[in-house]
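This briefing is for a reader new to the structure. Please look at the sequence and the model before reading the points that follow.

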Amino acid sequence: MHKERRQVKRYNIELDIDIVLEDGTILPVLTHDISLNGIQFICDSQIANEIEPRGLQSHSLDRIKVKVITRFPTDDKQKFYASCKVVAARRLSQDEYMLSLEFINFEKNSSNILQNYIKKLALDELG
């Protein structure tokens, strides 16, 4: 029997986010979903190559650390900042990948900003 590994609910949502690489490169992408633990986004091969020039499919990803910066629709005063590690990459097509990031650290009250946003998504889903 298959056991579900995810311990928190994911919400399908499209948000513009910036992925900031360790060298300072900023890559604009669109989210696929979000949870309290992380975020997934879809990108083309150009962005995938920026994140891992040696190829996402053939190298260990957990050493890749990035920062996510966005502004949630529920909080127009504060930006969300999170340090993340890449935990998975899946090729969807010839030129499209889905990357999964796990939040490992938050800055500037971003943990609370995320919790408030997830609460709103949960209420919207009920409602």
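The expected span of a helix is 1.5 Å times one less than its number of residues. Helix α2 has 17 residues, so it should span 24 Å, and the 24 Å between its end C-alpha atoms agrees with that. The model is predicted. Its mean pLDDT is 90, and 94% of the residues reach 70 or more.

**Confidence by element**

- Among the elements of the protein, strand β2 (residues 16–20) has the highest mean pLDDT, at 97.
- The lowest mean pLDDT among the elements, 92, belongs to α1.

**Helix α2 and its surroundings**

- The buried residues of α2 are Ser110, Ile113, Leu114, Tyr117, Ile118 and Leu121.
- Seen down the helix axis, these buried residues fall within an arc of 130°, so they line one face of α2.
- Lys119, Leu123 and Leu126 are exposed on the other side of α2.
- The cover over the buried residues of α2 includes β1, β3, β6 (80–93) and β7 (96–107).

**Leu114, a residue of helix α2**

- Leu114 lies in helix α2 and is buried, with a relative accessible area of 2%.
- Leaving aside neighbours within four places in sequence, Leu114 is in contact with Ile34, Ser35, Leu36, Phe72, Phe80, Phe103 and Phe106.
- Met98 is 16 residues from Leu114 along the chain, and 21 Å separates their C-alpha atoms.

**Salt bridges between parts of the chain**

- The structure holds 6 salt bridges, among them the pairs described here and under the next heading.
- Lys9 and Glu125 meet through their side chains in a salt bridge, at 3.5 Å from N to O.
- This pair links distant parts of the chain: Lys9 is in the segment before β1 (11–12), Glu125 is in helix α2 (residues 110–126), and they are 116 residues apart.
- Lys9 has a relative accessible area of 43% and is therefore partly exposed.
- The side chains of Arg10 and Asp33 form another salt bridge, at 3.8 Å from N to O.
- Because Arg10 lies in the segment before β1 and Asp33 in strand β3 (residues 26–34), this salt bridge ties together parts that are 23 residues apart in sequence.
- The two partners are set differently against the 20% cut-off for burial: Arg10, at 28% relative accessibility, counts as partly exposed, whereas Asp33, at 4%, counts as buried.

**A salt bridge network in the loop between α1 and β5**

- Arg63 forms a salt bridge with Glu52, and their closest N and O atoms are 2.4 Å apart.
- Arg63 and Glu52 are both placed in the loop between α1 (45–51) and β5 (65–70), 11 residues apart.
- Arg63 is partly exposed, at a relative accessible area of 43%, whereas Glu52 counts as buried, at 2% relative accessibility.
- Glu52, Arg54 and Arg63 are joined into one network by salt bridges that share partners.

**Thr31 in strand β3**

- Thr31 lies in strand β3 and counts as buried, at 3% relative accessibility.
- A polar atom of the Thr31 side chain lies 2.6 Å from the backbone oxygen of Ile13.
- The backbone nitrogen of Leu15 lies 2.8 Å from a polar atom of the side chain of Thr31.
- Not counting residues up to four places away in sequence, Thr31 touches Ile13, Glu14, Leu15, Ile17, Ile39, Gln40 and Phe41.
- Ile13 and Leu15 thus appear among the residues that Thr31 touches.

**Leu21 in the loop between β2 and β3**

- Leu21 has its place in the loop between β2 and β3.
- With a relative accessible area of 10%, Leu21 is buried.
- Beyond its neighbours within four places in sequence, Leu21 is in contact with Leu27, Glu50, Ile51 and Val66.
- Leu21 and Tyr117 are 96 residues apart in sequence, and their C-alpha atoms are 24 Å apart in space.

Key
Residues numbered from 1 in each chain as written. Predicted model: local features only at pLDDT ≥ 70, side-chain atom pairs only at ≥ 80, totals over all residues. Heavy atoms only, no water. Salt bridge = Lys/Arg side-chain N within 4 Å of Asp/Glu carboxyl O. Helix = DSSP H or I, 4+ residues; strand = E, 2+ residues; numbered from the N terminus. Buried < 20%, exposed > 50% of the residue type's maximum accessible area, 1.4 Å probe, protein only. Polar contact = N/O pair within 3.5 Å; in protein donor to acceptor, adjacent residues only side chain to side chain. Contact = heavy atoms within 4.5 Å. Arc of directions from axis to C-beta. pLDDT = per-residue confidence, 0-100.
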